[in-house]
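Work through the exercises below with the sequence and the structure at hand. Each task is followed by a solution in steps.

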Amino acid sequence: MQLDRIHHVAIICADYAVSKRFYTEVLGLRVVAENHRAARDSYKLDLALPDGSQIELFSFPGAPARPTRPEAQGLRHLCFEVPDVQAAADRLAAQGVAVEPLRVDEFTGRRFTFFADPDGLPLELCEAAPAEDLDALLLKLESALHLREVRATAAQLEELLDDEFHELGVSGAVWTRAAIVEALRDEAFSERTMTDFRVLRMASDVALVTYRVHREANAQRPAADSLRSSLWKCRQGRWRMVFHQGTPL
């Protein structure tokens with residue numbers, strides 16, 4: 001079994017109107033759907049984050065209060081990733097939300113802080129990895145795909161290419177992950193030089209990479225230049241390429 005990501009987290013609130021305002025107006029989550037079940041006098045509000053994950057906000061009459069904060073058994077807290085923890089904390093404070101002093105995670109080195117929703121559920125903000133760190137990582141991963149030893153080794157290619165990978169090649173051919181792994185096994189390798197490497201972070205777990213490649217001539221084909229673009233996605237903490245396109249120059 002492969003678990004790709006958390007689809008949603010369900011939260012039960014005491015005052016539906018108060019919690020709805022908190023999650024939509026204070027935290028800015030997008031409403032996907034809102035339903036009222038009259039027989040149970042219960043609301044269900046589906047809220048979405050930019051990466052597609054969701055929060056289900058429920059109201060049930062007479063639901064018991066949370067036993068402790070935050071060390072009860074079970075779900076401890078929810079954590080949201082933000083580009084700048086201090087800026088996010090300042091925005092919350094400006095809206096009257098009490099925010100704890102910022103701390104630094106001893107293992108990751110990232111800043112984080114806690115606050116609470118209207119029912120006392122602990123919520124965390126953690127800071128995303130600096131953009132320059134991601135740039136260096138994706139440059140390393142993208143460059144690996146131009147190395148002779150990586151291109152000729154199925155296991156290494158499969159570590160870098162997502163299961164859903166596909167490519168629109170310079171020749172116009174469309175390649176799947178299995179097809180490109182097989183084709184590169186016996187390719188006539190040419191040295192490649194990358195320039196103008198840029199990373200655009202599309203979401204916390206998605207990044208677009210663009211660059212130019214100069215391919216040296218070999219006995220089977222002449223030298224060539226091309227524009228390249230790759231879409232990388234982070235799954236289970238690992239960045240893998242899901243799409244690649246080459247455009248001849």
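**Exercise 1. A pair within one helix**

Is Glu182 buried, partly exposed or exposed, and what is its relative accessible area?

Solution. The model is a predicted one.
- Step 1: Glu182 has a relative accessible area of 45%. Buried is under 20% and exposed is over 50%, so Glu182 is partly exposed.
- Step 2: Find the charged partner. Glu182 makes a salt bridge with Arg185, and the closest N and O atoms are 3.2 Å apart.
- Step 3: Classify the partner. Arg185, at 40% relative accessibility, is partly exposed.
- Step 4: Place the pair in the fold. Both residues belong to helix 6, three residues apart, which puts about one helical turn between them.

**Exercise 2. Pairs between strands**

Determine which strands are linked by the salt bridges of Arg212 and Arg240.

Solution.
- Step 1: Arg212 and Asp196 form a salt bridge with an N to O distance of 3.3 Å. Arg212 is in strand 12 and Asp196 in strand 11, 16 residues apart, and the pair links distant parts of the chain.
- Step 2: Check exposure. Arg212 is partly exposed at 38% relative accessibility, and Asp196 is partly exposed at 41%.
- Step 3: Arg240 pairs with Asp163 in a salt bridge whose closest N and O atoms are 3.9 Å apart. Asp163 lies in strand 9 (residues 161-168) and Arg240 in strand 14 (residues 238-248), so this bridge ties together parts that are 77 residues apart in sequence.
- Step 4: Check exposure again. Arg240 is buried at 9% relative accessibility, whereas Asp163 is partly exposed at 47%.
- Step 5: Set these pairs in context. The structure has 15 salt bridges, and Lys44, Asp46 and Glu56 are joined in a salt-bridge network.

**Exercise 3. A buried arginine**

Describe the surroundings of Arg215, given that it is buried and has no salt bridge.

Solution.
- Step 1: Locate the residue. Arg215 is in strand 12, which covers residues 206-215.
- Step 2: Look for opposite charge. The nearest such side chain is that of Glu187, 8.0 Å away. A salt bridge needs a distance within 4 Å.
- Step 3: Look for a backbone partner. The Arg215 side chain comes to 3.0 Å from the backbone oxygen of Pro222.
- Step 4: List contacts beyond four places in sequence. Among them are Ser190, Glu191, Arg192, Arg221 and Ala224.

**Exercise 4. The ends of helix 1 and an exposed loop residue**

Identify the residue that caps the N-terminal end of helix 1, and find where Asp186 lies.

Solution.
- Step 1: The cap is Asp15, with a side-chain oxygen 3.2 Å from the backbone nitrogen of Ala17.
- Step 2: Helix 1 spans residues 16-26, and its buried residues include Tyr16, Phe22, Tyr23 and Val26.
- Step 3: Gly28, just after helix 1, has a positive phi of about 75 degrees.
- Step 4: Asp186 is in the loop between helix 6 and strand 11. Asp186 is exposed, at 66% relative accessible area.
- Step 5: Asp186 and Ala152 are 34 residues apart along the chain, with their C-alpha atoms 7.1 Å from each other.

**Exercise 5. The whole chain**

How does the radius of gyration of the chain compare with the globule rule?

Solution.
- Step 1: Count the elements. The chain has six helices and 14 strands.
- Step 2: The radius of gyration is 24 Å, well over the 18 Å that the rule gives for 249 residues, so the chain is more spread out than a compact globule.
- Step 3: Check the dimensions. The C-alpha trace spans about 75 × 40 × 30 Å along its principal axes.
- Step 4: Add the burial. Of the 249 residues, 35% are buried.

Notes
Residues numbered from 1 in each chain as written. Predicted model: local features only at pLDDT ≥ 70, side-chain atom pairs only at ≥ 80, totals over all residues. Heavy atoms only, no water. Helix = DSSP H or I, 4+ residues; strand = E, 2+ residues; numbered from the N terminus. Buried < 20%, exposed > 50% of the residue type's maximum accessible area, 1.4 Å probe, protein only. Lys, Arg positive; Asp, Glu negative; His and termini not counted. Polar contact = N/O pair within 3.5 Å; in protein donor to acceptor, adjacent residues only side chain to side chain. Contact = heavy atoms within 4.5 Å. Rg over C-alpha atoms; globule rule 2.2 N^0.38 Å.
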